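Here are a few exercises to work through with the model open beside you. Try each task before reading its solution.

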Amino acid sequence: MSTLSPSLPGGTWTLGDLTVTRFGYGAMQLAGPGVMGPPADRDGALAVLRAAVELGITHIDTAAAYGPDVTNELIRQALHPYPRSLRIATKVGAVRDEHGGWPPARRPEQLRHAVQQNLRTLGLEVLDLVNLRLGDAQGPRPGSLAEPFEALVELQRQGLIRHLGVSNATPEQVAEARSIAPIVCVQNLYNLAHRDDDALIDELAREGIAYVPFFPLGGFSPLQSSALSAVAGRLGATPMSVALAWLLHRSPNILLIPGTSSVAHLRENVAGAGLRLSQEDLAELDKIGR
Ligand SMILES: NC(=O)c1ccc[n+]([C@@H]2O[C@H](COP(=O)([O-])OP(=O)(O)OC[C@H]3O[C@@H](n4cnc5c(N)ncnc54)[C@H](OP(=O)(O)O)[C@@H]3O)[C@@H](O)[C@H]2O)c1
């Protein structure tokens, strides 16, 4: 599944029948504060998206809930008509309320509406990849996903969605989804300091399913650890670079979608993720989240 690409660190991965660079881009940080409203610097946000594609990135992660609609519309303005190689992954299952909260919206009619909203705002006729977002802001919550997942399978049958995934899901929910229909990825919280999904990542790797960690750099609270700083210092790299390179080393099915609103940070992250880590570095880093 994983092949070497000379252009971006990590090479490529195939999601179903769609090949993407393992180094992708997460668009959430392009919306305004609290992921609500427009960005302060719209031209800067458009520049980040164009730079991502110029750097060779072919996997962009978004959601209609970001803004809402803000990141989808920025992606469309910056990149439509889309390069043939570009794959846009989106999420449904949560909306935004007037306080900036993320209430669930997983009834079949809400999911149909969300898929149509994503198609419209992204300017697409078919969505490459739709993740059903479960749980809440505190993390995954147990419970059956059958009703909402089956609703998405029906929209897939109707030709509106190419591939399905789940997000913010428990291992049991991942298994339940797979018993209903094939999934190509799981998008959950995971980084050097949050290792709850270690076993799940290994299982998915064996099954050829991608694992897409959200908050790879710690999200709203950047990763901080003395072990991370020590390894970064020894290698003359930034902690962010080490955190991304570690994820690429961790398993071949891990796809990166680090977020940034800065072209400089995007370039830094692409360069940094290619860092080679020795067995000694990996052993030291491995202790952080355990
Ligand atoms: N499924 C879900 O429930 C879920 C939840 C959250 C996120 N996501 C997805 O996951 C993606 C990644 O998450 P995220 O963007 O929230 O978190 P992240 O990638 O862990 O971190 C982004 C933060 O790191 C900073 N940053 C990035 N590169 C940097 C650098 N080189 N130097 C210094 N700071 C740097 C960014 O600030 P600057 O803008 O200043 O660079 C931003 O504040 C999102 O874009 C979204 O698509 C999904």
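**Exercise 1. Follow the chain through the middle of the sheet.**

Task: Find how many bridges join S6 to strand S7, and trace the chain from one strand to the other.

Solution. Step one: S6 and strand S7 (residues 161–167) run parallel and are joined by six bridges. Strands here are DSSP runs of E with at least two residues, helices are runs of H or I with at least four, and both are numbered from the N terminus. Step two: the chain leaves S6, passes through helix H4 (residues 146–157) and reaches S7 in a right-handed β-α-β crossover. Right-handed means that, with the strands pointing away from the viewer, the path from the first strand over the helix to the second runs clockwise. Step three: for a register check, look for Leu132 opposite Val166 in S7.

Two notes before you go on. This is a predicted model, in which local features need pLDDT of at least 70 and side-chain atom pairs count only at pLDDT 80 or more, while totals for chains, interfaces and linings use all residues. Residues are numbered from 1 along each chain as its sequence is written.

**Exercise 2. Work outwards from S5.**

Task: Describe how strand S5 (residues 87–92) pairs with S6 and with strand S4 (residues 59–61).

Solution. Step one: S5 and S6 pair in the parallel sense over four bridges; two strands count as paired if DSSP finds at least two bridges between them. Val92 stands opposite Leu132 in S6, and Lys91 is opposite Asn131. The link is a right-handed β-α-β unit made by S5, helix H3 (residues 108–122) and S6.

Step two: S4 also runs parallel to S5, with three bridges. Here Ile60 stands opposite Ile88. A right-handed β-α-β crossover takes the chain from S4 through helix H2 (residues 70–79) to S5. The bridge partner of His59 in S5 is Arg87.

Step three: place these strands in the whole sheet. Seven strands form an open, parallel sheet in the order S3-S4-S5-S6-S7-S8-S9. Its edges are strand S3 (25–26) and strand S9 (210–211), each of which pairs on one side only.

**Exercise 3. Judge burial.**

Task: Are the residues of S5 buried or exposed, and how does Gln116 in H3 count?

Solution. Step one: all six of the six residues of S5 are buried, meaning that 20 or more other C-beta atoms, placed from the backbone, lie within 10 Å of their own; 12 or fewer means exposed, and anything in between is partly exposed. Arg87, Ala89 and Lys91 point one way from the strand, while Ile88, Thr90 and Val92 point the other way. Step two: in S6 (residues 127–133), seven of the seven residues are buried. Step three: Gln116 is partly exposed because it has 14 other C-beta atoms within 10 Å.

**Exercise 4. Locate the nonpolar core.**

Task: Which residues have the most contacts inside the largest nonpolar core?

Solution. Step one: the largest nonpolar core has 83 residues, and Leu152, Cys185, Ala210 and Ala243 have the most contacts inside it. Such a core is a set of buried Ala, Val, Leu, Ile, Met, Phe, Trp, Tyr and Cys residues joined through C-beta atoms within 7 Å. Step two: helix H8 (residues 239–250) supplies the largest share, eight residues. Step three: leaving out residues up to four places away in sequence, Leu152 touches Leu111, Val130, Leu132, Ile161 and Leu164; contact means that the C-beta atoms, placed from the backbone, lie within 7 Å.

**Exercise 5. Check unusual backbone geometry.**

Task: Where are the cis peptide bonds before Pro68 and Pro81, and what is the phi of Asn168?

Solution. Step one: Gly67 and Pro68 are joined by a cis bond with omega about -20 degrees, and Pro68 sits in the loop between S4 and H2. Step two: the bond from His80 to Pro81 is cis as well, with omega near 0 degrees; Pro81 lies in the loop between H2 and S5. Step three: Asn168, in the loop between S7 and helix H5 (171–180), has a positive phi near 60 degrees without being a glycine. Asn168 counts as buried because it has 24 C-beta neighbours inside 10 Å.

Methods: Contact = placed C-beta atoms within 7 Å.
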